[in-house]
Amino acid sequence: MAATFTDITKLVHEPIDPVALAAYVRANGDGAVVIFDGFVRDHSKSRRTLYLEYEAYEPMALAKIEEIAAHLHEKFSIHRVAVVHRLGRLEIGETSVYIAVSAPHRAAAFDACRYAIDTLKRTVPIWKKEYSEDGSVWADGELPPVPSATSAVKPAS
């Protein structure tokens with residue numbers, strides 16, 4: 001289901017332009033724009049992150065993002081929405097997901113933005129692979145334990 005509210009819903013392989021998206025959703029009748037800017041941090045589960053890679057089942061992921069945007073208009077008194085998720089390799093500090101919601105009143109904008117990111121994370125088929133110095137793992141997977149400086153190899157019995 002495509003959003004019919006002149007929203008922006010996209011999957012991209014290039015850097016996200018947060019300034020343009022925030023400007024797009026903002027209008028004179030709005031009193032608030034709430035933004036969620038999810039970006040790559042330098043660590044995960046006490047390991048240093050080198051970079052991330054995002055993959056998606058793109059047709060379904062885009063359809064689910066469009067559904068989320070349409071549902072925001074049904075559930076909240078908002079004006080316009082931008083939901084953009086980046087795919088591919090992302091370096092530390094780069095934006096992976098950006099959501100902007102405009103509304104006449106701040107409460108609706110806050111509630112809608114929170115609902116959008118929570119729903120996206122739960123329902124959209126996008127997967128994150130984390131790369132660290134000791135390997136890679138899909139998000140929420142398990143890495144091998146970090147070797148300690150004092151650990152010794154046990155002799156075979």
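## The E8–E9 hairpin

Glu130 stands opposite Val137 in E9. This is a predicted model. Strand E9 covers residues 135-138 and runs antiparallel to E8. Four bridges join the two strands. Together E8 and E9 make a hairpin, with two residues between them.

Glu130 also has a charged partner. Its side chain forms a salt bridge with Lys128, where the closest N and O atoms are 3.7 Å apart. Is Glu130 buried or exposed? With a relative accessibility of 12%, Glu130 counts as buried, because the cut-off for that class is under 20%.

## Aromatic pairs

How many aromatic pairs does a search of the whole structure find? The count is two. One of them joins Tyr51 and Tyr131. These rings are stacked, 4.3 Å centre to centre, with 15° between the planes. The pair links distant parts of the chain. Tyr51 belongs to strand E4 (residues 47-56), while Tyr131 belongs to strand E8 (residues 126-132). The two tyrosines are 80 residues apart. Both Tyr51 and Tyr131 are buried.

## Charges over rings

Tyr51 has a further partner. The charged end of Arg89 sits over the Tyr51 ring, 3.5 Å from its centre. A second arginine is placed over another tyrosine: Arg80 lies over the face of Tyr24, at 4.6 Å from the ring centre.

Arg89 also takes part in a salt bridge. Its side chain meets that of Glu91, at 2.6 Å from N to O. Arg89 has a relative accessible area of 43%, so it is classed as partly exposed. Glu91 is partly exposed too, at 33% relative accessibility.

## Salt bridges

The structure holds seven salt bridges. Those of Arg89 with Glu91 and Glu130 with Lys128 are among them. Another brings together the side chains of Arg114 and Asp118, at 3.1 Å from N to O.

Why are Arg114 and Asp118 separated by about one helical turn? Because they are four residues apart in helix H3 (residues 106-123). Arg114 is exposed, with a relative accessible area of 57%. Asp118 is at 33% relative accessibility and counts as partly exposed.

## Nonpolar cores

The largest nonpolar core has 30 residues. Which members touch the most others? They are Leu72, Ile78, Ile99, Leu120, Val124 and Ile126. Several elements each supply at least two residues of this core: strand E2 (32-39), E4, helix H2 (58-75), strand E5 (80-86), strand E7 (95-103) and H3. H3 gives the most, with seven residues. In soluble globular proteins, nonpolar side chains tend to be buried together.

Ile78 can be followed through its contacts. Setting aside neighbours within four places in sequence, Ile78 is in contact with Leu72, His73, Val101, Ser102, Ala103, Ala108 and Ala112. Another core lies apart from the one of 30 residues. This other core has 10 residues, among them Val12, Ile16, Tyr98 and Ala100.

## Recurring elements

Some elements appear under several headings. E4 supplies core residues and also carries Tyr51 of the stacked pair. E8 carries Tyr131 and is joined to E9 by four bridges. H3 gives seven residues to the largest core, and Arg114 and Asp118 lie in that helix as well.

Technical notes: Residues are numbered from 1 along each chain as its sequence is written. This is a predicted model: local features need pLDDT of at least 70, side-chain atom pairs count only at pLDDT 80 or more; totals for chains, interfaces and linings use all residues. Side-chain values use heavy atoms; hydrogens and water are left out. Rings of Phe, Tyr and Trp (its six-membered ring) pair if their centres lie within 6.5 Å; planes under 30 degrees apart count as stacked, over 60 as edge-to-face and the rest as tilted. Buried means under 20% relative accessible area, exposed over 50%, partly exposed in between (1.4 Å probe, protein chains only). A charge sits over a ring if NZ of Lys or CZ of Arg is within 6 Å of the ring centre and within 35 degrees of the ring normal. A salt bridge is a side-chain nitrogen of Lys or Arg within 4 Å of a carboxyl oxygen of Asp or Glu. A nonpolar core is a set of buried Ala, Val, Leu, Ile, Met, Phe, Trp, Tyr and Cys residues joined through side-chain atoms within 4.5 Å. Contact means heavy atoms within 4.5 Å. Two strands pair if DSSP finds at least two bridges between them.
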